[in-house]
Amino acid sequence: MQGTSGTAALKTLRTNVIGIGLRPKPQIDYKILGIDPEVAKEIKYKIESEWLLWSETTNCDASRQHDFNRLQQLAYLSKIMNGDTFVTMPFKDRGSNYPYNLTVQLIEADRITNPLLSFDSDIVEGVEMKEGEVVAYHIASKKNGVYDTQRVEAFGKETGERMVLHLFTAERIGQRRGLPLLSQVIEQIQQLGRYTKAEI
């Protein structure tokens, strides 16, 4: 019972926070750009149209299961349930009829873990840090029936762009992983559940 009420509370929070999800609102400063206002309106309309073309299909999902709004809901719900969520953005060819290769891949928090038999002090709970900054994440996967971890760098070597998004709320300096939203009250919820069962 406590699990049901806790899950319902988290899903309600997800709905209230995410709503219809992120949508771009381009504001074209035609004066700075030196273009006609009508041209700026056309650019604005094109940006919004391109966004909808990418975000409202399941092609934006690396697994081709969800559209972008659903991905946002999943990412947020996973974050508050598990403490954090990880996101990569692989490029996948979706065929000649679809113009975009960028996809979003959500990674369950449980898959971020230390490599097997690793005693590297730089890696804690799957997050690798050097000289005080995050440099890589270690993602567990199963290949040929054997579990192993893959090291994914946090930033691209050439461009410096972020390769992995780590969604979590830090409560302490130097904190590497997040805490589930209900972690501080889980004992009270369990006690309430035991009391309810005893009453029944």
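Here are four short exercises, with worked solutions, on the predicted model shown above.

**Exercise 1. Work out how many helices and strands the protein has, and in what order they come.**

Step 1: Count each kind of element. There are five helices and seven strands in the protein.

Step 2: Now walk along the sequence. The pattern reads α-α-α-α-β-β-β-β-β-β-β-α.

Step 3: Compare the overall spread with the globule rule. For 200 residues the rule gives 16 Å, but the radius of gyration of the protein is 21 Å, well over that value, so the protein is more spread out than a compact globule.

Step 4: Add the outer dimensions. Along the principal axes, the C-alpha atoms fill a box of roughly 70 × 45 × 40 Å.

**Exercise 2. Find which element has the highest mean pLDDT and which has the lowest.**

Step 1: Begin with the whole protein. Its mean pLDDT is 87, and 90% of the residues reach 70 or more.

Step 2: Go element by element. Strand β2 (residues 105-107) comes out highest, with a mean of 97. Helix α5 (residues 186-199) comes out lowest, with a mean of 68.

**Exercise 3. Describe the largest pocket: its volume, its lining and the elements that supply it.**

Step 1: Start with the space. The largest pocket holds about 320 Å³.

Step 2: Look at the lining. It consists of 15 residues, and those nearest the centre are Leu22, Phe68, Gln72, Ala75 and Leu167.

Step 3: Trace the lining back to the elements. Both α4 (68-82) and β7 (164-168) supply at least two residues. The largest share, four residues, belongs to α4.

Step 4: Sort the lining by character. You should find 13 nonpolar residues, two polar ones and no charged ones.

**Exercise 4. Do the same for the second largest pocket, and say how its lining divides by character.**

Step 1: Take the volume. About 260 Å³ of space lies in the second largest pocket.

Step 2: Pick out the central residues. This pocket has 15 lining residues, and Thr88, Met89, Pro90, Met163 and Val164 are the closest to its centre.

Step 3: Name the elements. At least two lining residues come from β2 and at least two from β6 (146-153).

Step 4: Sort the residues again. This lining has nine nonpolar, three polar and three charged residues. Set that beside the largest pocket, whose lining has no charged residues.

Key:
Residues are numbered from 1 along each chain as its sequence is written. This is a predicted model: local features need pLDDT of at least 70, side-chain atom pairs count only at pLDDT 80 or more; totals for chains, interfaces and linings use all residues. Side-chain values use heavy atoms; hydrogens and water are left out. pLDDT is the predictor's confidence in each residue, from 0 to 100. On a 1 Å grid over the protein atoms alone, a cavity is a set of points where a 1.4 Å probe fits but cannot get out, and a pocket is an open set with protein on both sides within 12 Å along at least five of seven lines; lining residues have an atom within 4 Å of a point. Grid points are joined across faces, edges and corners, and a volume is the space filled by probe spheres set on the points. Ala, Val, Leu, Ile, Met, Phe, Trp, Tyr, Cys and Pro count as nonpolar, Asp, Glu, Lys and Arg as charged, and the others, Gly among them, as polar. The radius of gyration is taken over C-alpha atoms; the globule rule is 2.2 Å times the number of residues to the power 0.38.
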